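Me: I have a model open and some terms I would like to pin down. Could you take me through what they rest on?

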Amino acid sequence: MLVILLKKRGFIVKKLGSILIALFSIMLLAACGDDSATNKEKNSNMDMNMDMPATLTVDVQMPSDPKVNEEVSFLAVVKQEEELVEDADEVMFEIRLKGSDQKEMIESELVKGEGYEATYTFTKAGEYEIIPHTTARNQHVMPTLEITVSE
Ligand SMILES: [Cu+2]
């Protein structure tokens with residue numbers, strides 16, 4: 001009888017023990033979960049701050065008085081903060097005649113120390129939109145500029 005009781009007691013203690021351990025581990029797990037959640041949040045906030053690259057800017061030097069059938073050049077000056085960007089993945093000039101479907105994509109070439117240059121010959125007078133599609137440093141920038149071409 002006594003042995004049985006002791007055994008029973010032992011069993012109860014063991015059971016209680018394992019319940020307590022289970023409870024503790026649940027609490028621990030929960031705590032870890034919370035922790036990793038806040039850490040993740042902190043990390044993503046930090047990533048946001050650290051990985052947020054400075055915005056690219058694209059300025060275009062355009063011909064001052066372009067005429068029809070005259071070769072002109074456009075120069076896209078790509079910068080990140082004050083640094084001239086010369087490792088762009090692509091700088092393509094879109095040239096579209098306003099009020100029509102006419103548009104062309106012109107490739108550019110890097111001119112070291114200056115920017116990305118494209119040459120073009122307008123065949124019609126009119127108002128044009130010049131859009132330098134610039135892909136560099138995981139950003140895409142495409143400002144729209146306007147130019148008037150005369151006869
Ligand atoms: Cu674009």
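Reply: Happy to. A nonpolar core is a set of buried Ala, Val, Leu, Ile, Met, Phe, Trp, Tyr and Cys residues joined through C-beta atoms within 7 Å. Please keep in mind that this is a predicted model. Its largest nonpolar core has 16 residues, and those with the most contacts inside it are Phe-74, Ala-76, Val-78 and Ala-88. Strands β1, β2, β4 (90–97), β7 and β8 (126–136) each supply at least two residues of this core.

Me: What makes Ala-76 a residue with contacts beyond its neighbours in sequence?

Reply: A contact needs C-beta atoms within 7 Å. Setting aside neighbours within four places in sequence, Ala-76 has such contacts with Val-58, Val-60, Val-91, Ser-108, Gly-115, Tyr-116, Pro-132 and Thr-134.

Me: Why is Leu-145 called partly exposed?

Reply: Leu-145 has 16 C-beta neighbours inside 10 Å. A buried residue needs 20 or more, and an exposed one has 12 or fewer. The count of 16 lies in between, so Leu-145 is partly exposed.

Me: Where does Leu-145 sit, and which residues is it in contact with, leaving aside those within four places in sequence?

Reply: Leu-145 belongs to strand β10 (residues 145–149). Its contacts outside that window are Val-60, Met-62 and Ile-130. Met-62 is 83 residues away along the chain, with 9.2 Å between the two C-alpha atoms. The contact cut-off of 7 Å applies to C-beta atoms, so the C-alpha value does not rule the contact out.

Me: How do you know that β1 and β2 pair?

Reply: Pairing takes at least two bridges. Strand β1 (residues 56–61) and strand β2 (residues 71–80) have 6, in the antiparallel sense, so they qualify. One of the bridges joins Thr-57 to Lys-79.

Me: Which other strands pair with β2?

Reply: Strand β7 (residues 115–121) pairs with β2 in the antiparallel sense over 6 bridges, and Val-72 has Tyr-120 as its bridge partner there. Strand β3 (residues 83–84) is joined to β2 by 2 bridges, also antiparallel. Two is the minimum for pairing, so β2 and β3 count as paired. Lys-79 stands opposite Leu-84 in β3. These two strands form a hairpin with 2 residues between them, and Glu-81 in the turn has a positive phi of about 55 degrees.

Me: What is the make-up of the chain as a whole?

Reply: The chain has 1 helix and 10 strands, with the helix coming before the strands from the N terminus on. Buried residues make up 14% of its 151 residues. Among contacts with a separation of 6 or more, 61% join residues 24 or more positions apart.

Notes
Residues are numbered from 1 along each chain as its sequence is written. This is a predicted model: local features need pLDDT of at least 70, side-chain atom pairs count only at pLDDT 80 or more; totals for chains, interfaces and linings use all residues. Two residues are in contact if their C-beta atoms, placed from the backbone, lie within 7 Å.
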